[in-house]
Amino acid sequence: MERGFTYRLVADLIQTLETEGYQIGTGQYLRVQELLRQLPDGMPAEELMYALGPLFVQTPQQQDQFYRLFQQAR
């Protein structure tokens with residue numbers, strides 16, 4: 001996946017998560033930034049979804065919702 005697309009996707013996803021009621025703090029933004037910095041070029045979107053999930057998800061219900069919202073943002 002192209003870096004520019006990845007950044008836009010993550011920005012859209014975070015905005016959607018906040019709209020859905022996820023509380024996203026500074027620590028999560030910093031962890032996302034660090035994760036994105038370490039990603040290899042050309043990482044498939046599905047792998048990005050699984051890499052980002054643990055940064056936002058706390059329950060199985062949130063996990064299902066996160067994956068659905070990620071697919072929508074994609």
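Colleague: Before we start, what counts as a polar contact here?

Modeller: A polar contact is a pair of N or O atoms within 3.5 Å, and within protein one of them must be able to donate a hydrogen and the other to accept it. Please keep in mind that this is a predicted model.

Colleague: OK, so what does the side chain of Gln28 reach?

Modeller: The side chain of Gln28 reaches the backbone oxygen of Leu55, at 2.8 Å. Leaving aside residues up to four places away in sequence, Gln28 touches Gln23, Leu55 and Phe56.

Colleague: And where does Gln28 sit, and is Gln28 buried or exposed?

Modeller: Gln28 lies in helix 2, which covers residues 26-38, and its relative accessible area is 13%, which is under 20%, so Gln28 counts as buried.

Colleague: How do helix 2 and helix 3 cross?

Modeller: The axes of helix 2 and helix 3, the latter spanning residues 45-56, come within 10 Å and cross at roughly 155 degrees. Because angles over 145 degrees count as roughly antiparallel, that is how helix 2 and helix 3 are described relative to each other. Their crossing is right-handed.

Colleague: Which residues make that contact?

Modeller: Helix 2 contributes Gln28, Arg31, Val32, Leu35 and Leu36, while helix 3 contributes Leu48, Ala51, Leu52, Leu55 and Phe56. By type, these residues divide into eight nonpolar, one polar and one charged.

Colleague: Switching topic, where is Met43 found?

Modeller: Met43 is in the loop between helix 2 and helix 3, and with a relative accessibility of 12% Met43 counts as buried. Met43 and Gln28 are 15 residues apart along the chain, and their C-alpha atoms are separated by 21 Å.

Key: Residues are numbered from 1 along each chain as its sequence is written. This is a predicted model: local features need pLDDT of at least 70, side-chain atom pairs count only at pLDDT 80 or more; totals for chains, interfaces and linings use all residues. Side-chain values use heavy atoms; hydrogens and water are left out. Helices (H or I, at least four residues) and strands (E, at least two) are DSSP runs, numbered from the N terminus. Buried means under 20% relative accessible area, exposed over 50%, partly exposed in between (1.4 Å probe, protein chains only). Contact means heavy atoms within 4.5 Å. Axes are lines fitted to C-alpha atoms, for helices over the stretch in contact, and angles run from 0 to 180 degrees between N-to-C directions. Angles under 35 degrees count as roughly parallel, over 145 as roughly antiparallel, 65 to 115 as roughly perpendicular and the rest as oblique. A crossing is left-handed if the near helix is turned anticlockwise from the far one by less than a right angle, and right-handed if clockwise. Ala, Val, Leu, Ile, Met, Phe, Trp, Tyr, Cys and Pro count as nonpolar, Asp, Glu, Lys and Arg as charged, and the others, Gly among them, as polar.
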